[in-house]
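Thank you all for making time this morning. I would like to take you through one model slowly, beginning with the place where two chains meet and then going inside one of them, so please have a look at it first.

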Amino acid sequence: MTQPRLLLVDPEILIRTPLAEYLRECGYEVVEATSTDEAREVLRARGQDIDAMLVDVGSSREDGFALASWARRSYPAINVALAGTLVKVAEAAGELCDDGPALAKPYDHQLVLQEIRRLLARGRQGPSSSE
Amino acid sequence: MVPEVQPEPRTATILLVEDEIIIRLALTEALRRSGLKVVEASSADQALSYLSAGGTVDLIVTDIQMPGSRNGLDLARHVRATWPMIPIVLTTGNAQLAASDQFDALLPKPYDAARVAHLVRTLLPADGEGNAP
């Protein structure tokens, strides 16, 4: 059985690396992107292989929120979870009209795992009516 | 008689420093398939952040030409001075850039991921330990 593949977008190596390692130990294949530009390249090359993505909405240069919005439009089969400070995530999630998970940083690895499992289990529900 | 318990061998960790995501992705997959842990950095600054924070690394594979305040040679010099036991593999599309004694092996680009994985294995210490900063 193929492992679910996650795209983890976070510019901070000291945060991204342990989370990615934890998720690998939990049985996921994790592709790491250190910027939103990298994430776009990965999606263009391998978007069909990505099942879910976790985006730090504070990602440098382009905002992670813009990446998440673009990914939802361009790759509707991919589940998107947002991460960041509570205020930032709440703003982004509200604008995305998404009832998906909004994860506060610093990451609680077990909470991230729960949310990813929940996302993958429910499957992609499609954009909301206001999108 | 109590059976002798062998300690489980520690998985060696490679710090891969490469700013081109598609190249880095292919190489990390090859290294992980060969049973190694890989820490990914897209710049020398990120790599030094990880090392300075006490991240455990057995070997570094770094591209030379990268954006940011330091390139791969700068990184290699810093690592040689600070953590001299960590082997360093430089990768480059321009071998002339690598005229330096700050590394243990040089890989021309474009490289074959399986060949890199094999080279890394040959450079790792036999016990996979002892190089962590």
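Between chain B and chain A, the rule finds five salt bridges across the interface, and I should say at once that this is a predicted model. One salt bridge that you can look up is formed by B:K37 with A:E21, where the closest N and O atoms are 4.0 Å apart. Across the interface of these two chains there are also five residue pairs in polar contact, with both residues at pLDDT 80 or more.

Which elements of chain B give two or more residues to the side that touches chain A? They are helix 1, covering 21–33, strand 2, covering 37–41, and helix 2, covering 44–52, and the largest share, six residues, comes from helix 1 of chain B. Sorted by class, that side of chain B has seven nonpolar, three polar and six charged residues.

How much area is buried there? The size of an interface is often given as the accessible area lost when the parts come together. Between chain B and chain A the value is about 1,400 Å², and carbon and sulfur atoms give 56% of that. On the chain B side, B:I21, B:L25 and B:E40 supply 33% of the area buried against chain A, which is more than any other three residues.

Let me turn to a residue of chain A that touches chain B. A:R24 lies in helix 1 of chain A, residues 13–25, and with a relative accessible area of 17% it counts as buried, because the cut-off for that word is under 20%. Leaving aside residues up to four places away in sequence, A:R24 touches A:V30 and A:E32 in chain A, and B:R32 and B:E40 in chain B. A polar atom of the A:R24 side chain lies 3.0 Å from the backbone oxygen of A:V30.

Finally, consider strand 3 of chain A, residues 52–56: five of its five residues are buried, so this strand is largely enclosed by the rest of the structure. In a regular strand the side chains alternate between the two faces of the sheet. Here both faces are covered, with A:A52, A:L54 and A:D56 buried on one side and A:M53 and A:V55 buried on the other. Strand 3 of chain A pairs in the parallel sense with strand 1, residues 5–9, over four bridges, and A:L8 stands opposite A:L54. Strand 3 also pairs in the parallel sense with strand 4 of chain A, residues 79–84, over five bridges, and there the bridge partner of A:D56 is A:A83.

Terms used: Residues are numbered from 1 along each chain as its sequence is written. Chains are lettered from A and ligands numbered from 1 in the order in which they are written. This is a predicted model: local features need pLDDT of at least 70, side-chain atom pairs count only at pLDDT 80 or more; totals for chains, interfaces and linings use all residues. Side-chain values use heavy atoms; hydrogens and water are left out. Buried area is the accessible area (1.4 Å probe) that two parts lose on being put together, summed over both. A salt bridge is a side-chain nitrogen of Lys or Arg within 4 Å of a carboxyl oxygen of Asp or Glu. A polar contact is a pair of N or O atoms within 3.5 Å; within protein, one must be able to donate a hydrogen and the other to accept it, and residues adjacent in sequence count only if both atoms are side-chain atoms. Ala, Val, Leu, Ile, Met, Phe, Trp, Tyr, Cys and Pro count as nonpolar, Asp, Glu, Lys and Arg as charged, and the others, Gly among them, as polar. Buried means under 20% relative accessible area, exposed over 50%, partly exposed in between (1.4 Å probe, protein chains only). Two strands pair if DSSP finds at least two bridges between them. Contact means heavy atoms within 4.5 Å.
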